[in-house]
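Biologist: Got a minute to walk me through this model? I'd like the fold, the core and a few side chains.

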Amino acid sequence: MPRLTPATEAAVRERIIRAAAEVFGEKGYHGATIADVVQRSGLSVGAIYTHFRGKDELFVMSCDVISRRSLEALAVRLAPLTATADRLLEAVAYYIETIDEFEGAPGQVGLVRAWAEATETPEVRAMLVRRREQLLATARSLLHEGVVRGELPASLDIEAFAAAFLGLLDGQLLQRIEAGDDYRPGDAMRRARAVLDVLLLAARADTPVAATA
């Protein structure tokens, strides 16, 4: 058989990962099987195992790819904006828009399954840590630029604010699952914006608010 070109191999891997993401999104980690990925991708079992060791690696890779591509797409969305508040608000809007679907595949909500597996599977936990660090780095950069431009005070605890902002984003996933068929993206955006407004108001304060016992 002729050797596959690098481009063809990359296309096959992409096809497998996309199929795996769809299967995991529908059936969950434990319910999904390699046979499901074979059927969804239209490839052979041999083709799957040529590129991946098994279900664990496929699960990690599918989550990793969704996370990486969503960050790349977010960077494009943020590029035209300059004001820190606008950029943070756009990040929230983008996150909510991609909860259920991203580029025709399951969206951010699929990561909830990864969190459920993190305590049992070190590779999954490592993937989630990578994702969190990438998101935190993006948030830190946005906040730092805001401080430099004078939109936020120099006394701002960038690390704490970035972590709080990420908590706001990931909280949308849990609300989405809890709401089920009653979920409304517009309502989620309104609630998230209300929280972000409070965070920004506190961040702009000249002096930090003292914690109460």
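Modeller: Sure. One term up front: contact means heavy atoms within 4.5 Å. With that in mind, what covers the buried residues of H8 includes H5, H6, H7 and H9. Keep in mind that this is a predicted model.

Biologist: Which residues of H8 are the buried ones?

Modeller: They are Phe-161, Ala-162, Phe-165, Leu-166, Leu-168, Leu-169, Asp-170, Gln-172, Leu-173 and Arg-176.

Biologist: What span should H8 have, and what does it have?

Modeller: H8 has 22 residues, so at 1.5 Å a residue it should span 32 Å. Its end C-alpha atoms are 32 Å apart, which agrees.

Biologist: And what follows H8?

Modeller: Gly-180 does, with a positive phi near 60°.

Biologist: Let's step back. How many helices and strands are there?

Modeller: The protein has nine helices and two strands. From the N terminus, the order is α-α-α-α-α-β-β-α-α-α-α.

Biologist: What are the overall dimensions?

Modeller: The C-alpha trace spans about 70 × 40 × 30 Å along its principal axes. The protein has 213 residues, and 43% of them count as buried. About 11700 Å² is exposed. Carbon and sulfur atoms supply 57% of that area.

Biologist: How much of the contact map comes from residues 24 or more positions apart?

Modeller: Such pairs make up 66% of the contacts with a separation of 6 or more.

Biologist: On to the inside. How many residues does the largest nonpolar core have?

Modeller: It has 36 residues. Leu-88, Val-92, Phe-161, Phe-165 and Leu-196 have the most contacts inside it. At least two core residues come from each of H4 (55-78), H5 (84-97), H7 (122-148), H8 (158-179) and H9 (185-204). H5 gives the most, with eight residues.

Biologist: Is there another core apart from that one, and which residues are in it?

Modeller: Another core, of 27 residues, lies apart from it. Its members include Leu-43, Val-60, Cys-63 and Val-124.

Biologist: Back to Phe-165. What is it in contact with?

Modeller: Leaving aside neighbours within four places in sequence, Phe-165 is in contact with Leu-88, Ala-91, Val-92, Ala-139 and Leu-196.

Biologist: H5 keeps coming up. Is H5 enclosed or open?

Modeller: Largely enclosed by the rest of the structure, because 10 of its 14 residues are buried. Among the buried ones are Thr-84, Leu-89, Tyr-94 and Ile-96. The buried residues of H5 pack against H4, strand E1 (101-102), H7, H8 and H9. H5 reaches 20 Å from its first C-alpha to its last, close to the 20 Å expected.

Biologist: Arg-87 is in H5 too. Buried or exposed?

Modeller: Arg-87 sits in helix H5. Its relative accessible area is 13%, so Arg-87 counts as buried; the cut-off is under 20%.

Biologist: What does Arg-87 touch?

Modeller: Not counting residues up to four places away in sequence, Arg-87 touches Leu-78, Leu-81, Thr-82, Leu-142 and Glu-145. A polar contact of 2.5 Å joins the side chains of Arg-87 and Glu-145. Arg-87 and Leu-142 are 55 residues apart in sequence, but their C-alpha atoms are 7.7 Å apart in space.

Biologist: Any other acidic residue to look at?

Modeller: Try Glu-117, in helix H6 (residues 111-117). Glu-117 counts as buried, at 8% relative accessibility. Leaving aside neighbours within four places in sequence, Glu-117 is in contact with Tyr-29, His-30, Phe-59 and Val-124.

Biologist: New topic: how many aromatic pairs does the structure hold?

Modeller: Three. In one of them, the rings of Phe-24 and Tyr-29 have centres 6.3 Å apart and planes at 20°, so the pair is stacked. Ring pairs also link Phe-24, Tyr-29 and Phe-59 into a cluster.

Biologist: Are Phe-24 and Tyr-29 buried or exposed?

Modeller: Phe-24 is buried, at 4% relative accessibility. Tyr-29 is buried as well, with a relative accessible area of 11%.

Biologist: Last one. Where is Val-45?

Modeller: Val-45 is in helix H3 (residues 45-51). It is partly exposed, with a relative accessible area of 44%. Val-45 and Ala-35 are 10 residues apart in sequence and 7.5 Å apart in space, C-alpha to C-alpha.

Methods. Residues numbered from 1 in each chain as written. Predicted model: local features only at pLDDT ≥ 70, side-chain atom pairs only at ≥ 80, totals over all residues. Heavy atoms only, no water. Core = buried A, V, L, I, M, F, W, Y, C linked by side-chain atoms within 4.5 Å. Buried < 20%, exposed > 50% of the residue type's maximum accessible area, 1.4 Å probe, protein only. Helix = DSSP H or I, 4+ residues; strand = E, 2+ residues; numbered from the N terminus. Expected span 1.5 Å × (residues − 1). Polar contact = N/O pair within 3.5 Å; in protein donor to acceptor, adjacent residues only side chain to side chain. Areas by Shrake-Rupley, 256 points an atom, 1.4 Å probe, with all protein chains shown as cover. Phe/Tyr/Trp six-rings, centres within 6.5 Å; stacked < 30°, edge-to-face > 60°.
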